[in-house]
Amino acid sequence: MKKIITIMVCLGFLVSVVLADVKFDQKALINHFKTIFPSVEFADYTDGVYMIDQDSREQFEEILDGIPPYEEAVEDGGKEYLKFGLNKCLSLKDPVVARIKHPYFNESTQQVVTLETAIKNCYQNQTGNKLNYNKGKIARISAWISDQAAGQKINVKVESFGAKAAYEKGKIFFYAKRGQFNMSCADCHVYNAGRKARADILSPVLGHTTHIPMYRVKWSGMGTLHRRYSSCLKNMRANPLKPQTEALRNMEFFHQAMSNGLKITVDRYRK
């Protein structure tokens with residue numbers, strides 16, 4: 001019986017991989033959000049909650065019109081990119097290409113490669129030193145690289161069987177319940193997007209990855225997407241995962257693909 005169940009589960013996963021369809025999944029999300037935010041255009045999802053709450057929007061624009069709190073950090077990231085020789089690594093030599101290319105599925109390793117993993121590997125090869133995945137240098141450098149690609153559209157490609165399998169695992173992780181609160185990422189950022197959790201408005205998943213790394217008031221500094229993942233897992237009271245583990249890289253693969261077609265932005269301020 002156990003063998004039969006195992007075979008059925010494996011067959012079910014194989015079928016889901018074959019059926020994995022980024023455009024279909026994204027269209028379903030867009031249609032869902034049209035019922036919640038009928039007046040919001042797809043391109044406006046780069047602004048997150050600032051597109052749906054006028055008071056937050058005014059505060060957001062006021063901060064951007066001044067000197068954004070992340071501006072100096074991003075400038076430092078550009079200096080560090082050159083200082084540590086990251087321009088000598090093939091994967092990062094052209095920052096515009098680097099931001100648009102990542103994340104991608106590496107057919108040789110059968111793993112998702114994110115921009116931060118590429119930065120860390122290059123940094124270690126050039127300097128012999130380690131790099132924190134969540135904040136500090138890696139967030140500054142990643143933000144600067146992303147700034148160079150501002151205006152370009154996210155275009156995550158999910159084509160091979162291995163890529164579809166990773167994408168599907170990431171999608172499952174995003175929608176799976178976990179933690180003491182028995183919550184999923186989708187509970188906040190799909191089903192309850194636009195509603196309040198305490199004093200904060202929950203942002204829709206569309207557009208999340210257009211402004212990463214981000215500056216959060218809560219952090220009083222910059223952080224990567226995986227730092228945000230860690231915060232969410234803590235809020236769910238779920239078992240923490242180290243940044244850039246396979247499970248989180250797979251989720252980023254799915255997460256970024258849901259913003260395909262949206263423009264990368266330099267407006268990285270968030271509450």
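In the predicted model, the buried residues of helix H6 are Leu115, Glu116, Thr117, Ala118, Ile119, Lys120, Cys122 and Tyr123. These buried residues pack against helix H5 (95–101), strand E2 (111–113), helix H7 (137–148) and helix H11 (246–257). Helix H6 comprises 13 residues (residues 115–127), for which a rise of 1.5 Å a residue predicts a span of 18 Å, and the computed separation of its end C-alpha atoms, 18 Å, agrees with that expectation. The helix is followed by Gly128, a residue with a positive phi near 80°.

An analogous analysis was applied to helix H8. Its 15 residues (residues 161–175) should span 21 Å at 1.5 Å a residue, and the end C-alpha atoms are indeed 21 Å apart. The residues of H8 that are buried are Gly162, Ala163, Ala165, Ala166, Tyr167, Glu168, Gly170, Phe173 and Phe174.

The search for enclosed space returned one cavity of 30 Å³ or more, and the space in the largest cavity amounts to about 60 Å³. The lining of this cavity is formed by Arg99, His102, Pro103, Leu115, Glu116, Ser142, Ser146, Ile212, Pro213, Glu252 and Gln256. Helices H6, H7 and H11 are the elements that each give two or more residues to that lining. Sorted by class, the lining residues divide into four nonpolar, four polar and three charged.

Two of the peptide bonds associated with this lining have cis geometry. His102 and Pro103, both of which line the largest cavity, are joined by a cis peptide bond with omega of about -5°, and Pro103 is located in the loop between H5 and strand E1 (104–106). Likewise, Ile212 and Pro213 also belong to the cavity lining and are joined by a cis peptide bond, here with omega of about -15°; Pro213 is placed in the loop between E4 and E5.

The loop between strand E4 (200–201) and strand E5 (214–216) also holds Thr209. Thr209 has 0% relative accessibility and therefore counts as buried. When neighbours within four places in sequence are set aside, the contacts of Thr209 are with Arg99, Ile154, Leu225, His255, Gln256 and Ser259. Among these partners, Arg99 and Gln256 are also found in the lining of the largest cavity.

Backbone conformations were examined further in view of the general expectation that most residues other than glycine have a negative phi, and that most peptide bonds are trans. Gln110, although not a glycine, has a positive phi of about 60°; this residue lies in the loop between E1 and E2 and, with a relative accessibility of 39%, counts as partly exposed. A positive phi of about 50° is likewise found at Asn182, again not a glycine. Asn182 is situated in the loop between H8 and H9, and its relative accessibility of 47% places Asn182 in the partly exposed class.

Side chains of opposite charge can pair when their charged atoms come close, and the count of salt bridges in the model comes to six. One of them links Arg57 with Asp47, with 2.7 Å between the closest N and O atoms. Because Arg57 belongs to helix H3 (residues 54–65) whereas Asp47 lies in the loop between helix H2 (22–36) and H3, the pair ties together parts that are ten residues apart in sequence. Asp47 is buried, its relative accessible area being 13%, whereas Arg57, at 21% relative accessibility, counts as partly exposed.

Arg57 also forms a salt bridge with Glu61, in which the closest N and O atoms are 2.9 Å apart. Glu61 and Arg57 are four residues apart in helix H3, so about one helical turn separates them. Glu61 counts as partly exposed, with a relative accessibility of 35%.

A further salt bridge brings together the side chains of Lys177 and Asp187, at 2.8 Å from N to O. Lys177 lies in the loop between H8 and helix H9 (185–191) and Asp187 in helix H9, so this pair ties together parts that are ten residues apart in sequence. Its two members differ in burial: Lys177 counts as partly exposed at 47% relative accessibility, whereas Asp187 is buried, with a relative accessible area of 13%. Through salt bridges that share partners, Asp47, Arg57 and Glu61 are joined into one network.

Conventions
Residues numbered from 1 in each chain as written. Predicted model: local features only at pLDDT ≥ 70, side-chain atom pairs only at ≥ 80, totals over all residues. Heavy atoms only, no water. Buried < 20%, exposed > 50% of the residue type's maximum accessible area, 1.4 Å probe, protein only. Contact = heavy atoms within 4.5 Å. Expected span 1.5 Å × (residues − 1). 1 Å grid on protein atoms, 1.4 Å probe; cavity = no way out; pocket = protein on both sides within 12 Å on 5 of 7 lines; lining within 4 Å. Points joined across faces, edges and corners; volume = space filled by probe spheres on them. Nonpolar A, V, L, I, M, F, W, Y, C, P; charged D, E, K, R; others polar. Salt bridge = Lys/Arg side-chain N within 4 Å of Asp/Glu carboxyl O.
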